[in-house]
Amino acid sequence: MSATAAPLDAAEIRKVISLLLNHPSLSAYYHFDVRPQRIPLKVVNQSAQALDLAGVLAAGKPTELASAADRNSLVIKRFSVDAGRATLVFEFLPEGVLGTAQFIKVDGSWKLDELELAER
């Protein structure tokens with residue numbers, strides 16, 4: 001996190017994470033209907049940003065903050081904030097999806113600006 005950026009509060013963090021987890025391009029990889037072992041979606045935080053996922057859903061299913069990754073986890077590798085912009089770098093392990101999400105704060109609300117996904 002940049003020294004010039006104000007830290008995000010827990011509600012803002014939940015909003016940013018929710019925008020990411022519920023984006024149709026990413027949620028298409030969950031396959032919860034045929035992979036029930038992926039519920040709840042385990043999110044592992046490897047970034048320096050503290051996360052609070054209370055009440056955050058992914059495609060209508062619960063999420064859980066996990067301390068260690070397993071083969072069904074989504075791993076947040078980096079979460080940075082600077083001057084009304086946030087960037088998350090993540091990996092959805094079971095599908096081999098690597099991603100970067102860019103968020104912007106517009107009129108006091110966070111919006112997903114750009115999402116890049118790539119399969120390994």
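Select valine 43 to begin, and directly across from it you will find leucine 74, which belongs to strand β4. What you have on screen is a predicted model, and the tour moves outward from this pair through the sheet, then to the helix that packs on it, and ends in the loops.

**The pairing around β1**

Now widen the selection to strand β1, residues 41-45, together with strand β4, residues 73-82; the two run parallel and are joined by 4 bridges. Another pair to pick out here is valine 44, whose bridge partner in β4 is valine 75. Turning to β3, you will see that β1 and β3 also run parallel, again with 4 bridges joining them, and that leucine 41 stands opposite threonine 63 of β3.

**The whole sheet**

Show every strand next, and read the order across the sheet as β2-β3-β1-β4-β5-β6-β7, with 7 strands forming an open sheet whose pairing is mixed. Which strands lie at the edges? They are β2 (57-58) and β7 (109-119), each of which pairs on one side only. In general, the strands of a sheet pair through backbone hydrogen bonds, in either a parallel or an antiparallel way.

At the β2 end, select β2 and β3, which pair in the antiparallel sense over 2 bridges, and look for leucine 57, which stands opposite proline 62 in β3. The hairpin that these strands make has 2 residues between them, and there alanine 59 takes a positive phi near 50 degrees.

Move then to β4 and β5, whose antiparallel pairing extends over 8 bridges and includes isoleucine 76, placed opposite phenylalanine 90 of β5. This hairpin, too, has 2 residues between its strands, and alanine 83 in the turn has a positive phi of about 50 degrees.

**Two residues in the strands**

Stay with β4 and select serine 73, which has its place in that strand. Is serine 73 buried or exposed? Its relative accessible area is 0%, so serine 73 counts as buried. A polar atom of its side chain lies 2.9 Å from the backbone nitrogen of aspartate 70, and, if residues up to four places away in sequence are not counted, serine 73 touches Lys42, Val44, Ala68, Glu91, Phe92, Leu93 and Pro94.

For another setting, go to leucine 65 in strand β3, which is partly exposed, with a relative accessible area of 41%. Once neighbours within four places in sequence are left aside, leucine 65 is in contact with Val43, Asn45, Leu51 and Leu53, and Val43 is the residue with which this tour began, standing opposite leucine 74. A distance monitor between the C-alpha atoms of leucine 65 and glutamate 116, which are 51 residues apart along the chain, should read 23 Å.

**Helix α1 on the sheet**

Select residues 10-21 to display helix α1, which has 12 residues and reaches 16 Å from its first C-alpha to its last, close to the 16 Å expected at 1.5 Å a residue. Colour Glu12, Ile13, Val16, Ile17, Leu20 and Leu21 within α1, since these residues are buried. They lie on the same side of α1 because they cover an arc of only 165 degrees around the axis. The general background is that an α-helix has 3.6 residues a turn, so residues three or four places apart point the same way.

At the start of α1, look for aspartate 9, a side-chain oxygen of which reaches to within 3.1 Å of the backbone nitrogen of alanine 11. With the strands shown again, α1 can be seen to pack on the sheet, touching β1, β2, β3 (61-66), β4, β5 (85-92), β6 (97-106) and β7, while its direction makes about 40 degrees with that of β7.

**Stops in the loops**

The loop between α2 (24-27) and β1 contains proline 40, and the peptide bond that joins isoleucine 39 to proline 40 is cis, with omega about -5 degrees. Histidine 31 lies in the loop between α2 and β1 as well; although histidine 31 is not a glycine, it has a positive phi of about 50 degrees, and it is partly exposed, with a relative accessible area of 32%.

Finish at aspartate 107, in the loop between β6 and β7, which is likewise not a glycine but has a positive phi of about 50 degrees. Aspartate 107 is exposed, its relative accessible area being 80%.

Definitions and conventions: Residues numbered from 1 in each chain as written. Predicted model: local features only at pLDDT ≥ 70, side-chain atom pairs only at ≥ 80, totals over all residues. Heavy atoms only, no water. Expected span 1.5 Å × (residues − 1). Buried < 20%, exposed > 50% of the residue type's maximum accessible area, 1.4 Å probe, protein only. Arc of directions from axis to C-beta. Polar contact = N/O pair within 3.5 Å; in protein donor to acceptor, adjacent residues only side chain to side chain. Pairing = 2+ DSSP bridges. Contact = heavy atoms within 4.5 Å. Axes fitted to C-alpha atoms, helices over the stretch in contact; angles between N-to-C directions.
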